[in-house]
Amino acid sequence: MKNSRLIAFEILYKMQKEGAYSNIALDKALSEYETSDKAFISNLVLGVTERKITLDYLINPYLSGKTKPKVMLILYLGAYQLYFMDKVPSSAAINTSVELAGMTGVSYYKNLINAVLHKIDDNRIDLDSIEDLSVKYSCPKNLINFWTKMYGSDKCEKILSVINEKPPVFAVPNTLYVDCEELTYELLSSNVECETDGELVKINSSFDLGSLKPFKDGLFHIQDKSSYECAKALEAKEGDVVLDICSAPGGKAFTIAEGMNNKGCVFAFDIHEHRVRLIENGAKRLGLNNIKASVNDAEVYSDTIPEADRILCDVPCSGFGIIRRKPEIRYKELDSIKELPELQLEILETSSKYLKDNSRLIYSTCTLNKRENENVVKAFLDKHTEFKLIKEKTVFPSKNGGDGFYYAVLEN
C-alpha cells in the first residue's frame, strides 16, 4: 500500500504543476488507490492548500535563499501536521517528512528538513494572537482589502473566521419518497450521524456517498443550504415550465423538480456534454422524469428553448463564497475576474428573453463580490425597466450554515 503522506505530496505537486483544483485532483487520485487513509490524505491536501500563507510565516524565518519546490512542499506538509493535526505526534510529523525527502528524490535536503521542522516545533507561536489577518487566516491581503471595502471590517473578519472551517454537509430529502424526519431515520439506520435542520438534514459524520443505500435508492441529494434556499425562492409550481440556465451538476434543478412534485418540466442546461450527463444521472437516480437536460450556450439566444414561467440564472462567478470548499480560490488574482460582470450581465439578459410575462427570474452567484452581484442586477434593471426587484439577499458563510451566496428575485 502506498504511503499516505506520499500520496498527499503527489497530489499537491500535481496541483502545483498543472493548476488543478484540489477537489478534482483529490477525487481523481483517491479513486486510484485502495487506502483506509482517505480522510487523512484529504486533510493534508486541503489543509496545506488553505493554510499556505500561515505555513510560509512559520517556515520562512528558518530558510535562506531559494528552496526547491519539492522541499518546500515537504516542509508545508510537516509544518501543517505540527500545527493543525493534534493527533499526529511531533516526532511522527518530523520523521515522516524526512523520510518523504528520500521518496521524492530530494534526499540531499533531509538534514535541512529535519532542522527546520524541529525549530518550528521548538519555537511555537500562538496563531490566534497574531494581529495580521492575512497570516492568521491564510488569506491574501488584496482579498481582505477587497472584502473590507465592500462589506466593512467586522463582516470581513466574520467571513475570514470560517474560510478554514470544514463546511457543513446538507442532504435534501427527495419529497417524492421521504420527508425530513424519514430521511433522518434512513440515514441513522445506515450509521450516518445526522440531525434535521429546517427542511434539510445536516450530516455530522463522514460517509461514503456512493455506497450509501439511501443515496442509491434516490432518497436525497447533497446541496448547500444557501443554494437550496435560492432554488426554493423560485417558487416553481406543479405544471410550470422552468429553465435552469447554468445547471450542472444539477442540485438546484433537483430541488425545483421535487418541489413541483415531478410535474411540469425543468429544462436544465450546461455548455459541456459531460456535465449534462451529471444532471441526467442525478435525475435518473432520484426518479425525476420532469427534468430534461441538454447542452446550451447561455450567452447565445436559442429559439429552440421554450418560454418559461420560472427561470434560474445561476451564472459562472469568482466563487469567493465557497472558499472553504475550494481553498485555492482565495489565491485568485483579482484582475482575473474583472471581465466576469460583463459575461454575467450578458447571460442574464439572454435568459430574460425566455421569460413569460408576469413571471419570475432569479439571478444568483456563489461569490461575495458586489461587482458580480448587486452591480450586475442594477445594470440589468437600468436597461430593462419592465423588470422589478422583489428580493435581494447576500448570505455570508457561517460555521453551521450555508456557503457565501447571493441571489436576486426579479419579476416582469
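The legends below describe an overview and several close-up views of one predicted protein model.

Residue numbers start from 1 along each chain as its sequence is written. Because the model is predicted, local features need pLDDT of at least 70 and side-chain atom pairs count only at pLDDT 80 or more, while totals for chains, interfaces and linings use all residues, and side-chain values use heavy atoms, with hydrogens and water left out.

**Figure 1. Overview of the protein, with 17 helices and 11 strands.** Helices (H or I, at least four residues) and strands (E, at least two) are DSSP runs, numbered from the N terminus. The radius of gyration is 23 Å, which agrees with the value near 22 Å for a compact globule of 412 residues; this quantity is taken over C-alpha atoms, and the globule rule is 2.2 Å times the number of residues to the power 0.38. Along the principal axes, the C-alpha atoms fill a box of roughly 70 × 50 × 35 Å. Of the 412 residues, 53% count as buried, where buried means under 20% relative accessible area, exposed over 50%, and partly exposed in between (1.4 Å probe, protein chains only). Among contacts with a separation of 6 or more, 72% join residues 24 or more positions apart; a contact means heavy atoms within 4.5 Å.

**Figure 2. Helix H1 around Phe9.** Phe9 is found in helix H1, which spans residues 4-18. The residue is buried, with a relative accessible area of 3%. Not counting residues up to four places away in sequence, Phe9 touches Lys70, Leu73, Ile74, Leu77, Leu100 and Thr104. One of these partners, Lys70, is 61 residues from Phe9 in sequence, and the two C-alpha atoms are 8.6 Å apart in space.

**Figure 3. Ser42 in helix H3.** Helix H3 covers residues 38-50 and contains Ser42. With a relative accessible area of 19%, Ser42 is buried. Its contacts, leaving aside neighbours within four places in sequence, are with Leu26, Leu30 and Gly47.

**Figure 4. Val201 in strand S3.** Strand S3 is made of residues 200-203, and Val201 is found in this strand. Val201 is buried, with a relative accessible area of 0%. Leaving aside neighbours within four places in sequence, Val201 is in contact with ten residues listed here in full: Val169, Phe170, Ala171, Cys180, Leu183, Thr184, Leu187, Cys194, Glu195 and Thr196. Ala93 is 108 residues from Val201 in sequence, with 37 Å between their C-alpha atoms.

**Figure 5. Helix H14 and the loop that leads to it.** Pro249 lies in the loop between strand S5 (241-244) and H14. The peptide bond from Ala248 to Pro249 is cis, with omega near 5°. Helix H14 spans residues 251-259, and eight of its nine residues are buried, so the helix is largely enclosed by the rest of the structure. The buried residues in H14 are Gly251, Lys252, Ala253, Phe254, Thr255, Ile256, Ala257 and Glu258. Asn261 follows H14 and has a positive phi, near 60°.

**Figure 6. Loop residues Asn191 and Glu235, with positive phi.** Asn191 lies in the loop between helix H11 (180-189) and strand S2 (194-197). Its phi is near 65°, a positive value in a residue other than glycine. At 70% relative accessibility, Asn191 counts as exposed. Glu235 is found in the loop between helix H13 (225-233) and S5. The phi of Glu235 is near 55°, again positive in a residue other than glycine. Glu235 counts as partly exposed, at 46% relative accessibility.

**Figure 7. Cysteines Cys230 and Cys265 in a structure with zero disulfides.** A search of the whole structure finds zero disulfides, a disulfide being a pair of cysteine sulfur atoms within 2.5 Å. The closest cysteine sulfur to that of Cys230 belongs to Cys313 and is 10 Å away, too far for a bond. Cys230 counts as buried, at 0% relative accessibility. Cys265 is likewise in no disulfide, and the nearest cysteine sulfur, that of Cys246, is 17 Å away. At 12% relative accessibility, Cys265 counts as buried.
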